[in-house]
Amino acid sequence: MKKILAVDDSASMRQMVSFTLQRAGYKVTEAKDGVEALGIARSETFDLVLSDVNMPNMDGISLIRELRTLPEYKFVPLLMLTTESGLEKKTEGKQAGATGWIVKPFNPDQLIATLGKVLR
Amino acid sequence: MTVDLSQFYQVFFDESLEGLDAMEAELLRYSEGTQDDESINTIFRAAHSIKGGSGTFGFDSIAGFTHVLETLLDQIRDGQRDITSQHIDLFLQSIDCLREMINALSSGDDSVPESTAQLKAAFEAILNDEVADEGEQSALEAEQITTDSATQAAAIASEAHENTSGWKVTFIPSEDILMTGNEPLYLIQELTELGDHEVELVTEKIPSWSELKPEFCYLRWIVKLYCDCTEQQINEVFEWVADESEIKIEELAATESTKVAAVPALNQQDTASSEAAANEVKSSAPAVTKNADTKAATAKPATKAKQADANSIRVGIDKVDSLINMVGELVITQAMLSQLFEGEMTAQSLTRMKEGLAQLEHNTRDLQESVMRIRMLPISFVFSRFPRLVRDTGQKLGKKIELILQGESTELDKTVMEKISDPLVHLVRNAMDHGLESPEQRLAAGKPEIGKLTLNAYHQGGNVVIEIIDDGKGLDPIKIKNKAISNGLIGENDELSEEQINLLIFEAGFSTAEAVSDLSGRGVGMDVVKSNIQALNGSVDVESVVGKGATFRIRLPLTLAILDGQLIRIGQHVYIIPLVNIIESLQINQNDVSRIGGEYDVLHLRGEYVPIICLADVFLHKSDAQTLTDGLLVVVEVDGGKVGIFVDDLLAQQQVVIKSLEANYNKVEGISGATILGDGTVSLIIDIVSLVRMAGVKNISSHNLVATETHAQGGTA
C-alpha cells in the first residue's frame, strides 16, 4: 500500500484529502504544518507528499526544500496544493524541488486523477 | 469514486469561525499598534484557508467574497500597500459578514447578507483604484484575462482539432527530471490512456557506460495518439514538466508549417517562442482547471439537509491519550479482580481483592477527572470576543480604553463558559459605560488619558474567579444609597457599610445611569447578571474605591456536572449541601442564640449575628433534635453574608454527580438537583440561595453587620 503524507493547516481540507486518498486505497498520514510534516517524514518514508503552501510555522515551499535535501526524498514526488492566484508560487515551488501542483479548489476525483501522473 | 463532501462541512465551519476569530484578534492588534510580523501572515492564512475550503466544498458565495479580501491582504502582505484604518474597518465588517454567512450555511441556509455586495464593492474599489494606476493588474482582472486567454486557447485548440486524426507527441525530458520526483514513464502511461496509441522509445542519447549517470534520464519518447483528444489534454499531462522538458505536439494529419502557425508549440529549440509558449501554458492551464472545477461544483447536488447544531468540542489529543491510558488501567484492574475468583478464595486473595478495589477506586477517580478535563476549555474562548467589543464600544462612547487580558489559559467547563459569556459582556459594557471616564474627565482627575480595563481569570480552590477591573471613577455610594432609598430597597435610616451599599446595585430594579445610554441600561440590570451567575452556582461581588476604580469578581464552580457535597441528615432524610458554600459547622451554645424581631433565631458568632434556618421546618420534616443544642449548625455563605442551617447530623463528604431534577421531574424550590448515593438511594442537593429565600431571611449581609452593632449596644447596656 502506497503511503502518502498530507500536510495542511486547515483541518477540513486535511480530512477531505485524507479521506479521499484512503478511499482510493492509499495509506495516509496527516500533518498540520511544515515542522510537524518534516518530523514525521524523517522518521518514516512516504511514497508521496502532498502539502499546502500557506501554513504557520513552516510553509509548504520550505518543507519541500527541506525534504528534497534528504536522501530518502530525492526522487519522491512532492506535490503542492495552491490556489489559482498563486502562479508565482508554482515557480518558487519548482525551484524548491516540487514535482508538481494541484490547484485549489479541486474535487476528490481530480485529486485522484492527478496523482496518477506521479504514483502508480 | 464518490466522496460525500458534506461530511467535512462541520469541520470547515468550525475552523472557519476559528480562523475569523484569529483574524479579528490580529486586526485589533493593528488598530492598537501592537502587531508583529506574523500578524499579517496569520490574517492572510485564515482568509486563504476559508477561501480554499469554501471553493473546495462548493460554498461559492463565501469563496467569491473571500477572494477580494484575500487579494487585498496579499497585496498588503507583499508590501505593495500599507494597511490603513479604513482597511481594518472593512476587514472587521467582512469578518462579521462571513460569520453570518457561515452560521447561515451551517443551518442549511445559503442566502447572502446584503452587506456582502457593498463590502465586496468597497474592496474592489480599493483594488482597482490605486493598483490599476500603477499599471499592475489586480488579481481579479488578471484572473479575468487568464480565463479569456484560456477560452481563446481552447477555442484555437478545438478549431485546430476539427480536421485532426491524431497527434504526434515528442517528449524529451530534462536529464534531471527524476530528481524533481516526476517519472517520465508515468507521464507516458498517462498520455497513452487518452486513446489508441503507438509509442516509440528513442535511446540514441544514452551515453557510454563510463559517462552514464544513474540518476539521469537519457530516454526520449515519441507517442502517436490516434484519438479524439484535444491538445489541451496533452498539455495537461505534461503541465508539471513543461518548463524544463521539451514537448513537441504536432497534428498527425496537418503539415508541420501550418501547425506551428495555428498553435504555439512548446518547442524549446526556438528560445524566443518557447518562452511565450511557456507563459501561455502557465496562464491557461490553471484557468482551465478552474473551469472544470466550477462545472463539477455546480453539478454536485447541494446538500440542503438542515444541519443540527452539532455542538462539538475540540479536544486536545493529550487529553484523549490520558483518557485511553486510564481506560487501559481500568481494564487491567478489572482483569486482576476477575482472576482472583478463578482459584479458591483464601485469606490472601481477600487481601488482594481489597487492594484491587482500592486500585479500582483510584482508577475511577482518575478516569472521572480525565473525562471532566475534556469538557474544560480555556477561558480565552470567552475573553477573545472582548477586544473587538471594547474597541467598538470605546469608539461609540468616545473613550480611550486599553483592554488587558490575564489568565486566558484558565480552564472552565464548556457549559459554564457558554452561560457566563452574557453576564461578562454586561459587566464589561457596564465598566466601560459607567466606570471609565471620558479622556477629558480622566485628565482633569490627574489620571492617564487611556482608561484601563482588565479581565482576569484564575483558579481558587474548586472555583474559577473572573475579575473585571477598571480604573475608572468607582461606584458612588451616596448616589447608590439615595437611589436605593427612593426605590424602597432600604429604609432612610438603615446603617449600611460602603461595601453593603455597593452590593445594592445587584438588587432587582436598580439602575444608577442618570440618562439611559445606548449601551447599558437596556432594561437588563445587574440583578439579571447576578441571578444568571447564581444559576450557575456562582456568586458575584464588587469592590470599589471612589475615584480609583471598581473590581467585579465572579466566582464560578469548575463544572456543573459534579460537586463536592456535604451529606447532612434530618430525621430519616439525607440531603446534600454543596461544600463550596460551607464556611464552618459547629455545635450551638444556647447562650449565644437570641431572637431578633421575633422572626427567627440568630446566633452570635465571633462578632456577627448569623440567622438560623431550621431545615426541618422549611422542608416540613420531623427533626430528631428537640432543642438547638441537640443538632449541628452548618454555616454557609450566601449573597456575601452568612446563614446557619440547622441539621440533625453531618454525614460523609463526597463528590456527587448532579442529576437534573428539572429534566426528570419538576423544578422544586430549595433544591438544585439530585444525586444517587453509594447505597442506591436518591438524595436531594440543597440550593442555598433558594432555601434562604424560602425561609424568608432577607438582607443577610446587612443583617450580619447590624447585628454587630446591636450586640455592641447590648454589651454596654
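In the predicted model, R99(B) forms a salt bridge with D96(B), and the closest N and O atoms of the pair are 3.6 Å apart. Both residues belong to helix α4 of chain B, which spans residues 85-106; because they are 3 residues apart there, about one helical turn separates them. An α-helix has 3.6 residues a turn, so residues three or four places apart point the same way. D96(B) is partly exposed, and its relative accessible area is 32%.

A second salt bridge in chain B joins the side chains of K319(B) and E411(B), at 3.2 Å from N to O. K319(B) lies in helix α11 (residues 317-340) and E411(B) in strand β7 (residues 411-413) of chain B, so this pair ties together parts that are 92 residues apart in sequence. The partners are set in unlike surroundings: K319(B) is buried, with a relative accessible area of 9%, whereas E411(B) is partly exposed, at 26%. R442(B) and E437(B) form another salt bridge, in which the closest N and O atoms are 3.0 Å apart. In this case both residues, R442(B) and E437(B), are buried. Salt bridges with shared partners also link residues of chain B into one network, made up of D21(B), E24(B), D89(B), D96(B), R99(B), R388(B), R391(B) and D392(B). The pair R99(B) and D96(B), described above, is thus part of this network. Over all chains, the structure holds 34 salt bridges.

Salt bridges are also found where the two chains meet. Across the interface of chain B and chain A there are 4 of them. One salt bridge between the chains is formed by the side chains of R120(A) and E190(B), with an N to O distance of 2.9 Å. Polar contacts between chain B and chain A amount to 18 residue pairs, counted where both residues have pLDDT 80 or more. On chain B, the side that touches chain A receives at least two residues from each of the helices α1 (9-32), α2 (37-56), α3 (60-77), α7 (184-192), α8 (231-237) and α10 (271-299). Among these, α2(B) gives the most, with 9 residues. Sorted by class, this side of chain B has 18 nonpolar, 14 polar and 16 charged residues. The contact takes 48 residues from chain B and 48 residues from chain A. The size of an interface is often given as the accessible area lost when the parts come together. For chain B and chain A, the buried area is about 4,200 Å², of which 55% is on carbon and sulfur atoms.

The secondary structure of chain A consists of 5 helices and 5 strands. Along the sequence, these elements follow the pattern β-α-β-α-β-α-β-α-β-α. Chain A has 120 residues, of which 63% count as buried. Among the contacts in chain A with a separation of 6 or more, 61% are made by residues 24 or more positions apart.

Within chain B, helix α17 (residues 477-486) has a buried side and an exposed side. P477(B), I480(B) and A484(B) are buried. These residues cover an arc of only 65° around the axis, and therefore lie on the same side of α17(B). I478(B) and S486(B), on the other side of α17(B), are exposed. The cover over the buried residues of α17(B) includes α18 (498-503) of chain B. At the N-terminal end, α17(B) is capped by D476(B), which has a side-chain oxygen 3.1 Å from the backbone nitrogen of I478(B). After α17(B) comes G488(B), with a positive phi near 75°.

A further buried position in chain B is T551(B), which lies in strand β11 (residues 549-557). The relative accessible area of T551(B) is 13%; because this value is under 20%, the residue counts as buried. With residues up to four places away in sequence left out, T551(B) touches E467(B), I468(B), I469(B), D541(B), V542(B) and E543(B).

Notes. Residues numbered from 1 in each chain as written. Chains lettered and ligands numbered in written order. Predicted model: local features only at pLDDT ≥ 70, side-chain atom pairs only at ≥ 80, totals over all residues. Heavy atoms only, no water. Contact = heavy atoms within 4.5 Å. Buried area = accessible area lost by both parts, 1.4 Å probe. Polar contact = N/O pair within 3.5 Å; in protein donor to acceptor, adjacent residues only side chain to side chain. Helix = DSSP H or I, 4+ residues; strand = E, 2+ residues; numbered from the N terminus. Nonpolar A, V, L, I, M, F, W, Y, C, P; charged D, E, K, R; others polar. Buried < 20%, exposed > 50% of the residue type's maximum accessible area, 1.4 Å probe, protein only. Arc of directions from axis to C-beta.
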